[in-house]
Amino acid sequence: MTGERNLKIFTGNANPTLSQEIARYIGIELSLAQVTHFSDGEIYVEIKESVRGADVFIVQPTCWPVSDHLMELLIMADALRRASARRITAVLPYYGYARQDRKTRGRAPITAKLVANLITTSGIRRILTMDLHAGQIQGFFDLPVDHLPGVPILAQYFLQLQLKNVVVVSPDLGGVTRARELAERIKAPIAIVDKRRPEPNVAEVMNIVGKVRGKKVIIIDDMIDTGGTIKQAVVALKEAGAEEIYVCCTHPVLSGPARQRLMEAPVEEIIVTNTIPILPEKMLDRIKVLSVAPLLGEAIIRIHKDLSVSELFN
């Protein structure tokens, strides 16, 4: 890809390490931009090179602090649009506010749709993202959305481990499709933890559907936030006779008490990807981080060359 002068990759402050990995995979240098703050906290963006007529990609997961990183994305997009970029694509390895995707009670917002509207208004013309919390969020955008799954990366890791007598477990009913995809890739059966969530970030395990006694269990979810769901699922699976438990997800949000809960949970390993950077104080020895840079880099190349992105998974 060296010499692709019309392809430019910018990064905000959300995950510059991943942005560097993507640029290295493609074979170009990260484009220069300054993203700082005024003394009152307002975000200031300065694009340091010409982008006139360029195909621009902004790598910016909207992870913690979510609102700051979202505003960085919007302001960068506005600056690039006003600098005459030909097309601006937002590369959102993690899409924040995705859990507020419907009204669950009266007078509640649908923030995932609001954020989609803000992104569209900023001048962004395409979205590249991974493992949305709910697939229907793609329909919130009046833009092309390339939605990449994280399961193939996780499946490849487990195939390398060559585990025997395995069952893949979804920690809730909403994740069954994801669990089934992983199970098909590693040739294993699935089980489901049936739980209810009385309020946000609070989960209560009800029962387990499927056989887990004497099995090596792989729990898969799109994200680990506070770790409450995972910890309760692990405890329930151990009580049901699971032999070894592995936990995997695409997005390691790891907020609040997540580190403590994961440290206390009787699991062999926690496999995540680098869509979100893990702060040193949240890291554990048992956490294994897989890189999504080759996948995102290949998708960017295909978008830039107007090739099919879906063929990456055929």
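This is a short tour of two helices and a group of aromatic rings in a predicted model.

Before you start, note that residues are numbered from 1 along each chain as its sequence is written. Local features here need pLDDT of at least 70, side-chain atom pairs count only at pLDDT 80 or more, totals for chains, interfaces and linings use all residues, and side-chain values use heavy atoms, with hydrogens and water left out.

**Stop 1: helix α4.** Select residues 151–161. Helices are DSSP runs of H or I with at least four residues, strands are E runs of at least two, and both are numbered from the N terminus. Buried residues (under 20% relative accessible area with a 1.4 Å probe, protein chains only) in α4 include V151, P152, I153 and L154. Now show the partners: the buried residues of α4 pack against α5 (176–186), β11 (216–224), β12 (244–252), β13 (269–273), β14 (287–290) and α8 (293–304). Following α4 comes Q162, with a positive phi near 55°.

**Stop 2: the rings.** Stay in α4 and pick Y157 and F158, both buried. Their rings pair (centres within 6.5 Å) edge-to-face (planes over 60 degrees apart), at 5.8 Å centre to centre and 75° between the planes. Add Y246 to your selection: ring pairs link Y157, F158 and Y246 into a cluster. The structure holds four aromatic pairs.

**Stop 3: helix α8.** Here 10 of the 12 residues are buried, among them L295, L296, I300 and I301. Try a distance between the end C-alpha atoms of α8: they are 16 Å apart, which agrees with the 16 Å that 12 residues should span at 1.5 Å a residue. That expected span is 1.5 Å times one less than the number of residues. Finish at D306, just after α8, where phi is positive at about 60°.

Technical notes
Phe/Tyr/Trp six-rings, centres within 6.5 Å; stacked < 30°, edge-to-face > 60°. Buried < 20%, exposed > 50% of the residue type's maximum accessible area, 1.4 Å probe, protein only. Contact = heavy atoms within 4.5 Å.
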